[in-house]
Amino acid sequence: MTHAARMLRFLRLLILQESFWLLLCAALSAVTPRAVMSQEQIMIGYDGHAGFQGPIWATKDLGRLEKNGLIGDLILIPGSARGMAALISGSVPFIQGSATAPLAAFLRGGDVAVIAAALNKFPFSVVVRKELKSPADLIGKKFGILNFGGSNDLAVSLALKEWNIPRSAVTILVSGGAPERLAALTSGVIDATVLSPPETVAAARAGLRILANLSDLNASFPQTLIMARRSFVTSKRDTVKRFVRAYSEGIFEFKTHREKAIKVYADRLKQKDLNVLEETYSYYSPKFSLPPRVDRGGLNNALDLVRQTGDVKGEVNLAQFVDESIIDELEREGFYKKFADTRGKK
C-alpha cells in the first residue's frame, strides 16, 4: 500500500470516529447554561481510569482551571484513535494520553503537538506468581500483556532487555485488561503480567509477588502527555498558556497536598478503600514531573514502538512534534520558581 493510500485510510478512520464525539460535544454545549456559554470554555479529553490520570483530574477537581480564567469539562474518550480523531477535528482542544497514538498521527501529517508531560516513566510493575523470585525465573514462562504494539508490550521488551533476557525466551500472550490479567495470573493461566495501582495492591493481597517496578528502569516512556493542535497553540496562545499554568498548578497541588489528592482519586476511581488510595497515591505522586516537560529519550522509545508498524521510514524530527515554548515562557517569567520556593518553606 502506498503512503498516499495509507494516509487516505487514516483520514477516513478519523472522520468516521470523530462523528460521535462531535455529536457528544454539541450535546454538552446545548445543555450548558447561557451564563457559562458567555465565557471562554474548553473541553479536555482523557483516555481511561487509572492513577496516572491524576494530573488532569486534579486540574479540574481542585479548581485550577477556574483560577486561571477557564471554564472546563473533562470527557472520557476511550481508545487512542478516537482521542486523536476528536483532537484533530477540533472537537476538543486538549487531550491527555500516552505518546504512541499522537506520534503516529503526527507522522501521517496530523496537526498535533505535545505541549506538556506529567509522567515520563512506565506506570507498571511486573507481577508474578509467588514462586518466581528473580527476573531469570521468567525464562520459559507465559507473560500476559494488554496488546501487542502498546506501552505494555514496550515496557516488557525493555525490561527483558535490561535484564539480559531474550524476548524469545518468554511466551508473550495478549491476555485482556488489567482485571482479566490479574484473574489469569491468580488462576495460573499466565505466570507474569504488568499492572498498575490499584491492581498491584489487589495482587499483593492475593499473595502474588511484585517482582519489579518498571518506573525504576533506565528506560523512559511518555505515558501521560498533553496534546493540542499546533494551529490551536498558534491561534489561541493565551488560552493554551492559561491551561498549561492550570495543569502545572494541578500537578503541584496533587504532589504536595496528599489529602486533596486522595479525595480526587476516591471520587474518580470510585474507590473507598483508604489503603488502596494511599498506596496508589504514594506510587504515582513522586513520579509526576514539574515543570511538565517531555523526556526525549522516552519519545525515542515511543518512536521505536511506532516503527514496528512499518509505516515509518527514515529520520524523524521529533522537535517538530514537541512544543514546549509555553513552558519555556513560563519559566522565563518565574512561574515555576514559586513551586520550588513553596517546597523549600515546608
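**Entry 1: two cis peptide bonds**

I began with P291, which I found in the loop between α13 (274–284) and α14. In this predicted model, the peptide bond that runs from L290 to P291 is cis, and its omega is near 0 degrees. I then looked up P198, which has its place in the loop between β8 and α9, and I noted that a cis peptide bond joins P197 and P198, with omega at about 10 degrees.

**Entry 2: the chain as a whole, and how far to trust it**

I wrote down that the secondary structure of the chain comes to 16 helices and 10 strands, and that buried residues make up 52% of its 346 residues. Among the contacts with a separation of 6 or more, 80% are between residues 24 or more positions apart. The accessible surface comes to about 15,400 Å², and 54% of this surface belongs to carbon and sulfur atoms.

I checked the confidence next: the chain averages a pLDDT of 85, and 85% of the residues score at least 70. Over residues 2–8 the pLDDT is below 50, and this stretch has four contacts in the model beyond near neighbours in sequence. Over residues 10–38 the pLDDT is also below 50, while that stretch has 31 contacts in the model beyond near neighbours in sequence. I reminded myself that where pLDDT is low, the predicted coordinates should not be read in detail.

**Entry 3: positive phi angles**

I looked up N164, which lies in the loop between α7 and β7 and has a positive phi of about 60 degrees although it is not a glycine. Is N164 buried or exposed? I read a relative accessible area of 70%, so I entered N164 as exposed, the cut-off for that word being over 50%. K270, in the loop between α12 (258–269) and α13, is not a glycine either, and its phi is positive at about 55 degrees. Its relative accessibility is 71%, and K270 therefore counts as exposed.

I also noted two glycines that come after helices: G188 follows α8 with a positive phi near 90 degrees, and G63 takes a positive phi of about 75 degrees just after α3.

**Entry 4: helix α8 and its two sides**

In helix α8 (residues 178–187) I listed A178, R181, L182, A184 and L185 as the buried residues. Seen down the axis of α8, these buried residues fall within an arc of 165 degrees, which means that they line one face of the helix. The general reason is that an α-helix has 3.6 residues a turn, so residues three or four places apart point the same way. On the other side of α8, I found P179 and S187 exposed. I then asked what covers the buried residues of α8, and the cover includes β5 (125–128), β6 (142–145), α7 (151–162), β8 (192–195) and α9 (199–205).

**Entry 5: the nonpolar cores**

The largest nonpolar core has 53 residues, and of these F143 and L214 touch the most other members. Helix α7 gives the most to this core, with six residues. Not counting residues up to four places away in sequence, L214 touches F122, F124, S125, V126, A155, A159 and V194. I noted a second, separate core of 46 residues, which includes L65, Y265, Y284 and I326.

F143 came up again when I looked at L173, which sits in strand β7 (residues 171–174) and touches K142, F143, G144, I145 and I190, apart from residues up to four places away in sequence. With a relative accessible area of 32%, L173 is partly exposed. L173 and I190 are 17 residues apart along the chain, and their C-alpha atoms are separated by 8.5 Å.

**Entry 6: Q53, α3 and E324**

I found Q53 in the loop between β1 (41–46) and α3 (54–61), where its relative accessibility of 2% makes it buried. Its side chain and that of Q96 are joined by a polar contact of 2.9 Å. Leaving aside neighbours within four places in sequence, Q53 is in contact with Y46, D47, G48 and Q96. In α3 itself, G54, P55, I56, W57, A58 and T59 are buried; these are six of its eight residues, so the helix is largely enclosed by the rest of the structure.

My last residue was E324, in the loop between α14 (296–307) and α15 (325–332), which counts as buried at 9% relative accessibility. The side chain of E324 reaches the backbone nitrogen of V294 at 2.7 Å.

Methods:
Residues are numbered from 1 along each chain as its sequence is written. Side-chain values use heavy atoms; hydrogens and water are left out. Helices (H or I, at least four residues) and strands (E, at least two) are DSSP runs, numbered from the N terminus. Buried means under 20% relative accessible area, exposed over 50%, partly exposed in between (1.4 Å probe, protein chains only). A polar contact is a pair of N or O atoms within 3.5 Å; within protein, one must be able to donate a hydrogen and the other to accept it, and residues adjacent in sequence count only if both atoms are side-chain atoms. Contact means heavy atoms within 4.5 Å. pLDDT is the predictor's confidence in each residue, from 0 to 100. The arc is that of the directions from the helix axis to the C-beta atoms. Accessible areas come from the Shrake-Rupley method with a 1.4 Å probe; for residues, only the protein chains shown count as cover. A nonpolar core is a set of buried Ala, Val, Leu, Ile, Met, Phe, Trp, Tyr and Cys residues joined through side-chain atoms within 4.5 Å.
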